[in-house]
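Q: Hi, I'm new to this one. Could you walk me through it?

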Amino acid sequence: MERPHAAAGVPAGRNLDLGRLRAHHRLMLRIRALEETALRGLAEKQVFGAIHPSIGQEAVAAGVVAQLLRDDILLSTHRGHGHTLAKGASAGAMLMELLGRAGGVCGGKGGSMHIADFGVGMLGANGVVAANIVIAAGAAHAIRLQGGARIVCCLFGDGAINRGPFLEGLNWAAAFRLPVLFVCEDNGFAATTRAAALTAGPGASARARALGVPAEEVDGNDVLAVEAAAAALIAAVRGGGGPRLLHARTYRLTGHTAADAAAYRPADEVAAARARDPIALAAAWLAEAGVPEAEIAADRAAAAAEMAAAYDAACAAPFPDAAAAFRDVQDIGSPAEMPF
Ligand SMILES: Cc1ncc(C[n+]2csc(CCOP(=O)(O)OP(=O)(O)O)c2C)c(N)n1
């Protein structure tokens, strides 16, 4: 099979596993379709609360999270739909959650920023920027105490590295050589502010290295590059090498939330980012490798159809009963039943 060439952005000489690229492309399409459906739900007043889309950032979820094992633990952010879907959560149950329905992953009581699905190792999205980093260190310490080869993967934004928990979490993980892959999903902005304007020094990787955490940087829109970098780091973490950090540079193609028109970004910057849309790049590489355009279009249509059907099902589904408001509250349960 001919390899895609540099014109489409794939460096010459890279091996290409067409099956894996196809799987990445399909997953990225599903993530995008899920979020476009969530935005539709907002517009139709079916979704309650804010939606933070990760449109444009899908290659990080696909390249990193999809290669975790089911028992591995995932910690996500306020922008975590893609991470959660890539970890294996049901799109139908996620959409039910966004629509506040009883069949949602959290019984319809969590919504977008509080999705957790212990069944697939997804310990939680988190609306508190950087809070997930210390939770990840704690989960990894629990794994250490229990033994076993599971790892923790914790994703956070470039704004999160300027909060205290970044130092605390990486320090703890490094001091105890805990099995955590930290992933800085750098979309260039912290809400509506350029992260560079708030960040001293060279950034996430340098800070990690200063704590003794080996770090790699990668083009976060190139799903194959993300996959390769993450694979090496995951192997090192799983092999007992202690924590690692991946700094993936990407771009958020939408506003911070659905309510943000993102007029603070120059049009040429957005146009350049659109030209490097990770899904379009993957589709171009598939086409160059000989996958017929009709098959690529069919994948696109299948993702849209899956999410449209899930949305219709969610719209038709019941809300939780009132008594459910008093369940799952301030009850930590038995430690023996904890998922990690
Ligand atoms: C502790 C805390 N401070 C402030 C906020 C408000 N806030 C929500 S998202 C966000 C930006 C975070 O930027 P980044 O970590 O880069 O993630 P991104 O939104 O770019 O994906 C801020 C400041 C918050 N949720 N939590």
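Q: How do the residues of the shell around the ligand divide into nonpolar, polar and charged?
A: They divide into six nonpolar, six polar and three charged. Here Ala, Val, Leu, Ile, Met, Phe, Trp, Tyr, Cys and Pro count as nonpolar, Asp, Glu, Lys and Arg as charged, and the others, Gly among them, as polar. This is a predicted model, where local features need pLDDT of at least 70, side-chain atom pairs count only at pLDDT 80 or more, and totals for chains, interfaces and linings use all residues. Residues are numbered from 1 along each chain as its sequence is written, and side-chain values use heavy atoms, with hydrogens and water left out.

Q: Cool, how many residues surround the ligand, and which are the closest?
A: There are 15 (each with a heavy atom within 4 Å of the ligand), and the closest are His78, Arg79, Gly127, Gly159 and Phe189.

Q: And what is 2.7 Å from a nitrogen atom of the ligand?
A: That's a polar backbone atom of glycine 127. A polar backbone atom of valine 129 is 3.2 Å from a nitrogen atom of the ligand.

Q: Which side chain has an N or O atom 3.2 Å from an oxygen atom of the ligand?
A: The side chain of aspartate 158.

Q: New topic: how do the residues of the lining of the second largest pocket divide?
A: Into eight nonpolar, 10 polar and four charged.

Definitions and conventions:
A polar contact is a pair of N or O atoms within 3.5 Å; within protein, one must be able to donate a hydrogen and the other to accept it, and residues adjacent in sequence count only if both atoms are side-chain atoms.
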